[in-house]
Amino acid sequence: MSASVGALRHHFEDIEQQRGAERLGMWMFLATEILFFGGAFLAYTVYRLMYPKDFAAISGQLNVLIAGINTVLLLTSSLTMTLAIRAAQYGHNGPLRFYLGVSILLGSAFMGFKAYEYAQDYHEGLVPWTSNFGQETLHGDSQPLIKKWEADGVAPQRVRLFMSFYFILTGIHGVHLVVGIGVISYLWVRAYLKTLTPDKYVAVEVTSLYWHLVDAIWLFLMPLLYLAGPHHSLHF
Amino acid sequence: MILQSTIMPEQASEMAWHVDNLIWFITGVCGVVGLGVYVAMLVFCIQYRRPDDRIGPAPTPRILGSHKLELIWSVIPLFIFLGFFAWGAYVYNMALHPPEDAPEIYVVGKQWMWKVQYPGGQRVILGQNALTFADDVGGAGYFEGLMVLPVGRPVKIVTTSEDVIHDFGVPAFRQKIDVVPGRYTTTWYLPTKTGTYDVFCDQYCGTNHSLMVGKLVVVEPAEYDAWLAGTWRPGPANRDKTGVDGSLAHQGRQLFMKLNCIGCHNVQNSKAPVLEEIYGTRRPLKGGTSVVADDNYLRESIRRPREKVREGWEPIMPHFDAAKASEEDLIKVIAYIKSLKKGDTPKRNEDTPAPVGAETEPKAGPTSAGEGKQ
Amino acid sequence: MSAVIDPTTNHYENTPPEAGPKSYLSDGYSIWSWLFTVDHKRIGVLYLVMLLIFFAVGGFLAGLIRLNLIQPSGSILENDQYNRVFTGHGVIMLFLFLIPAVPGVMGNFFVPIMVGAKDMAFPKLNIGSWYVWMIGAVFMVWAVLAGGIDTGWTLYPPYSTRSAHTNVVTGVFGAFITGFSSIMTGLNILVTIHRMRAPGMTWGRLPLFVWAMYATSLIQLLATPVLAMALMLLMVENGSQALGMPIGIFDPALDGDPVLFQHLFWFYSHPAVYIMILPGMGIISEIITCFSRKNIFGYTAVAWSSVGIAIVGFLVWAHHMFVAGISYYAALLFSLLSMLVAVPSAIKVFNWVSTLYRGAISFQAPMIFALGFIVLFNVGGLTGLYLATLGSDIHLHDTYFIVAHFHFVMVGGMVLAFLGGLHFWWPKMFGVMYSDFWSRMAAVLIIVGYALTFMPQFWLGYHGMPRRYPNYPADMQFLNVMSSAGYTVQLAGFLLIGTYLALSLFLGKKAGPNPWAATGLEWAVQSPPTTHNFEATPRVVCGPYEYSLNLTQTGETADVR
């Protein structure tokens with residue numbers, strides 16, 4: 001196919017070899033990401049097993065409603081990315097731009113809610129290295145967090161440990177998400193400029209694989225962090 | 001200058017004998033195998049060398065391999081290595097499991113010294129050396145503080161750190177144990193030979209890691225008992241680095257009253273379990289699990305009491321962090337709890353406690369009787 | 001094709017170079033053509049230049065260590081300075097030399113050619129890996145210049161997060177970044193081997209160097225991310241100290257667990273030592289076969305043993321922690337698994353020695369390095385058994401026995417293999433030949449000097465001399481001085497190598513495509529290779545070591561060309 005010539009790089013023998021290499025390369029990269037997050041999950045799990053009461057107590061303070069909304073957003077964006085692959089393969093440029101665009105919007109909405117949630121954590125005195133850590137009184141409580149912890153036998157140091165893991169894990173995940181949004185945006189621009197032709201659809205496929213991994217990591221991260229303890233109030 | 005004991009370092013404990021046997025066995029086997037490889041290489045290199053060191057094609061047989069040989073030299077080494085593993089596990093098992101009734105000596109590591117506390121209350125500080133090894137020619141005990149151990153009697157060493165990870169290592173005993181902050185680690189020795197031996201810190205811990213060293217001296221049982229009784233001290237170079245203040249358990253009792261543990265852990269009006277004879281027993285906890293009351297559990301119960309609450313009691317005990325009770329304080333209180341027998345819990349308002357399980361009352365400092373010989 | 005070595009006289013011939021296609025070296029002379037290259041061969045040379053510089057720095061620091069240890073009370077350095085010197089030596093030698101060396105130079109240069117490809121699967125990722133490595137190196141060098149770090153390369157907390165008053169975050173960040181370079185290189189090599197083999201190049205016909213690089217790349221890919229996370233957590237904890245609200249991820253005073261760091265750290269760092277040694281083992285297979293003119297004895301065993309080492313190597317990390325306070329049952333498990341990982345290495349040694357049997361052996365420099373590797377790696381590997389055995393490890397842990405053991409495998413093993421490979425492939429990479437006499441002399445000097453430096457250290461360790469000590473008991477001085485003397489002999493060897501290799505670039509006789517009469521695909525192309533390696537896709541007809549049949553992998557005779 002003459003259209004393939006544009007996509008074929010000089011050091012590959014044929015387009016199938018190139019596509020095979022690109023897919024394999026992305027799967028291998030995803031393996032490294034799993035091990036990277038795996039290290040953090042392991043450390044978190046060790047501490048969760050050592051300090052179940054403290055972790056349960058603080059996990060219950062996190063905003064599980066936002067986490068739930070974010071989960072739905074991310075799952076939907078994985079769907080739209082998969083549909084984008086098919087649009088790219090068939091050369092349907094309009095749907096391609098639509099699906100890529102929706103994925104970008106959903107991912108950005110996720111980050112928007114996350115930013116809101118981080119701000120809320122700050123105002124609630126849950127950010128470990130700030131001066132108001134534990135000093136705030138949350139809705140439904142009669143005393144500030146630090147007194148509540150004292151009464152329940154929860155150690156502030158362990159709360160700080162949990163919140164550190166929370167910010168590290170969600171923060172690194174967020175960075176990965178932003179990078180993903182960047183790459184999808186780049187694809188959208190190429191689709192807009194009509195340079196993302198069907199023979200180059202693998203670019204959409206490997207990006208989609210990456211996006212699915214970011215989604216999958218969230219699916220593990222969210223229950224580990226947010227569902228480690230009972231939530232007494234559901235609020236926005 | 002050649003090493004004093006050129007073939008082997010001094011073998012001064014029972015474990016040392018076991019470890020050395022293992023090491024020399026491995027050396028023998030590996031020596032034979034290694035030598036075999038070298039001999040084969042030498043023979044082949046000489047017998048099959050090319051004249052004139054030529055480069056280029058040469059008529060050689062096309063030997064691809066031999067399944068039989070591969071099997072032989074996979075399986076035989078595997079069994080040899082498994083043999084090493086088994087013997088090593090046996091020795092390690094011995095090293096990790098001290099005899100039940102071995103008395104305990106506590107060692108607290110801190111940058112850059114060792115604080116050794118005997119059950120009888122003697123304190124020795126190793127390390128904190130202004131001098132270096134080069135000045136210790138002949139091992140005459142320039143080091144301030146000598147740790148004393150009895151020959152022929154097992155002794156358990158319980159260690160913790162006040163800051164970073166250290167390691168208490170005695171080459172002559174072929175033993176070492178990492179000293180970790182936040183927990184107790186233990187090892188044990190059965191010294192078999194009198195003499196003076198090196199103690200090293202074997203885990204890098206900062207600037208003066210190499211100065212965190214000392215000497216330990218193994219003496220006859222009679223001298224050791226005199227040491228515990230406070231009537232004998234080794235060597236002249238002790239100054240105020242050693243002291244005797246009453247047994248650990250006695251000091252622990254004083255702390256038990258001073259920190260007001262007695263306020264709840266008493267018999268008359270208890271808001272907390274009575275602690276008589278609890279060490280080593282299994283304690284049921286709230287929530288259905290249970291735990292053995294060992295050193296680490298007792299330590300955790302003081303530092304973080306609401307973590308594992310005894311069944312039938314409320315989580316009301318305040319926690320004692322490093323500011324309220326240092327590692328050395330904890331050692332004393334725990335020694336006291338371990339020594340508590342039925343009926344020994346003091347009364348709430350007792351204000352002049354008699355020593356419980358102690359052997360001596362506090363003596364005066366280094367000027368007291370008995371500057372013993374080395 | 002110009003003949004380089006006259007087989008009848010065995011002397012190097014001086015024949016004029018022929019006009020031919022441009023080599024990769026002459027394909028653009030500007031600095032930009034080098035810094036923006038995507039040619040895997042140029043990238044290999046870029047790695048080589050920087051590696052030699054870092055090796056020199058690390059070697060200089062080693063010299064300071066040995067010089068200091070001439071006297072029991074430390075001769076030239078204060079304790080604090082010594083601590084920074086040995087940390088710098090470890091960090092630079094490991095992250096800036098041993099881990100990137102063979103993958104970055106010979107892996108990059110030769111894996112594509114050996115499988116019959118025109119380049120790596122992802123050329124831009126390749127040059128990216130060099131830049132990422134350089135950025136990481138900049139941070140590490142910055143940390144050293146700003147006063148160094150004094151935690152030891154193992155970075156154990158709480159010391160590294162509390163008391164270390166030095167540039168821990170900068171240095172650790174540098175290591176973190178170089179890790180990504182390692183992952184990128186590994187990924188590239190794996191995809192290249194999987195997808196870009198030439199027709200006829202089946203898995204069973206791959207050179208053993210390629211098998212070794214495959215196994216190495218598996219480890220680079222999968223182990224490095226765990227180190228990245230361990231270092232990231234360490235940096236967060238360190239940073240929180242600076243912010244004044246310390247979080248104790250590994251600090252027991254704040255409810256953290258310092259042993260958790262050790263697990264995360266060693267989960268990478270044990271497989272990392274296999275990243276260092278496996279490529280070297282691959283090189284030895286290439287050299288031994290060529291210089292004994294025989295097929296490798298037990299190709300399948302050697303190939304699979306590389307993969308076996310890579311896989312089992314992931315399961316043994318806590319053998320670095322036998323006295324750290326792990327449970328008895330954990331210790332049993334890790335000791336048992338460590339015994340398993342020793343078996344494939346033994347298999348390799350037996351196979352290499354068997355390859356010599358009934359061969360036609362010549363002793364040019366690459367072969368001296370390879371034989372030296374077997375001699376020294378043998379000791380290194382066997383002494384590892386003392387450390388995998390629980391009972392003996394208690395006594396030998398954290399003493400000079402360990403220092404001797406790992407230097408035997410890393411220097412006596414890996415560095416010798418690197419030098420052997422460099423000498424074997426130098427004519428291919430640069431199209432010139434170096435002095436035969438001086439190269440053999442240098443090889444012997446290094447081997448002898450090395451043994452002198454590190455054999456005494458086994459004794460010192462058995463007698464209890466701890467590692468990381470700037471001073472030691474006076475009765476251990478003799479062996480320490482002997483060890484330091486060995487350093488000077490090695491230094492002479494290395495300086496010699498640097499000299500004649502550099503001189504060869506300007507004055508060396510031109511080399512033809514196949515000066516060693518070897519059989520691999522890399523010897524079928526010109527020296528130095530053209531930018532695209534092969535003009536036409538090669539067809540592979542046989543295995544990589546058919547010396548006995550006098551057959552190269554493309555079906556020609558394996559003559560000197």
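**Entry 1. Chain A against chain C**

I looked up the contact of chain A with chain C and found 26 residues of chain A touching 34 residues of chain C. The model is a predicted one, and I read every entry here in that light. On the side of chain A that touches chain C, I noted that α2 (15-50) and α7 (156-192) of chain A each supply at least two residues. The most comes from α2(A), which gives 15 residues to that side. I then sorted this side of chain A by class and recorded 15 nonpolar, eight polar and three charged residues.

**Entry 2. Chain B against chain C**

I turned next to the contact of chain B with chain C, which takes 85 residues from chain B and 89 residues from chain C. Two helices and three strands of chain B give two or more residues to the side that touches chain C: α1 (14-47), α2 (67-96), β6 (166-170), β7 (175-179) and β9 (195-201). I recorded α2(B) as giving the most, with 17 residues. By class, I listed 48 nonpolar, 21 polar and 16 charged residues on this side of chain B.

**Entry 3. Chain B by itself**

I listed six helices and 13 strands for chain B. The chain has 374 residues, and I noted that 42% of them count as buried. I also looked up the contacts in chain B with a separation of 6 or more; residues 24 or more positions apart account for 69% of these.

**Entry 4. The largest nonpolar core**

I asked which residues touch the most other members of the largest nonpolar core. That core has 350 residues, and the answer is C:V115, C:M140, C:V210, C:A230 and C:M414. Helix α3 (residues 79-115) of chain C gives the most to this core, with 22 residues. I followed C:V115 further and, leaving aside residues up to four places away in sequence, found that C:V115 touches C:T192, C:I193, C:M196, C:R197, C:A198, C:M201, C:L206 and C:V210.

**Entry 5. Helices α7 and α8 of chain C**

I looked up how helix α7 (residues 208-243) of chain C packs with helix α8 (residues 258-292) of chain C, and recorded an angle of about 160 degrees with the axes 8 Å apart. I therefore entered α7(C) and α8(C) as roughly antiparallel to each other, since angles over 145 degrees count as such. The crossing of the pair is left-handed. I divided the residues of this contact into 26 nonpolar, five polar and one charged.

**Entry 6. C:I219**

I picked out C:I219, which is found in helix α7 of chain C. Is C:I219 buried or exposed? I count it as buried because C:I219 has 25 C-beta neighbours inside 10 Å, and 20 or more suffice. Beyond four places in sequence, C:I219 touches C:P271, C:Y274, C:I275, C:A310 and C:G313. I also noted C:S182, which lies 37 residues from C:I219 in sequence and 9.8 Å from it in space, C-alpha to C-alpha.

**Entry 7. Helices α8 and α9 of chain C**

I closed with α8(C) and helix α9 (residues 299-312) of chain C, which pack at an angle of about 175 degrees with their axes 11 Å apart. That makes α8(C) roughly antiparallel to α9(C). From α8(C) I listed C:Y274, C:L278, C:M281 and C:S285 as making the contact, and from α9(C) I listed C:V302, C:S306, C:I309 and C:A310. By class, I recorded six nonpolar, two polar and no charged residues for this contact.

Definitions and conventions
Residues numbered from 1 in each chain as written. Chains lettered and ligands numbered in written order. Predicted model: local features only at pLDDT ≥ 70, side-chain atom pairs only at ≥ 80, totals over all residues. Contact = placed C-beta atoms within 7 Å. Helix = DSSP H or I, 4+ residues; strand = E, 2+ residues; numbered from the N terminus. Nonpolar A, V, L, I, M, F, W, Y, C, P; charged D, E, K, R; others polar. Core = buried A, V, L, I, M, F, W, Y, C linked by C-beta atoms within 7 Å. Buried ≥ 20, exposed ≤ 12 C-beta atoms within 10 Å, placed from the backbone. Axes fitted to C-alpha atoms, helices over the stretch in contact; angles between N-to-C directions. Parallel < 35°, antiparallel > 145°, perpendicular 65-115°, else oblique. Left-handed = near helix turned anticlockwise from the far one by under 90°.
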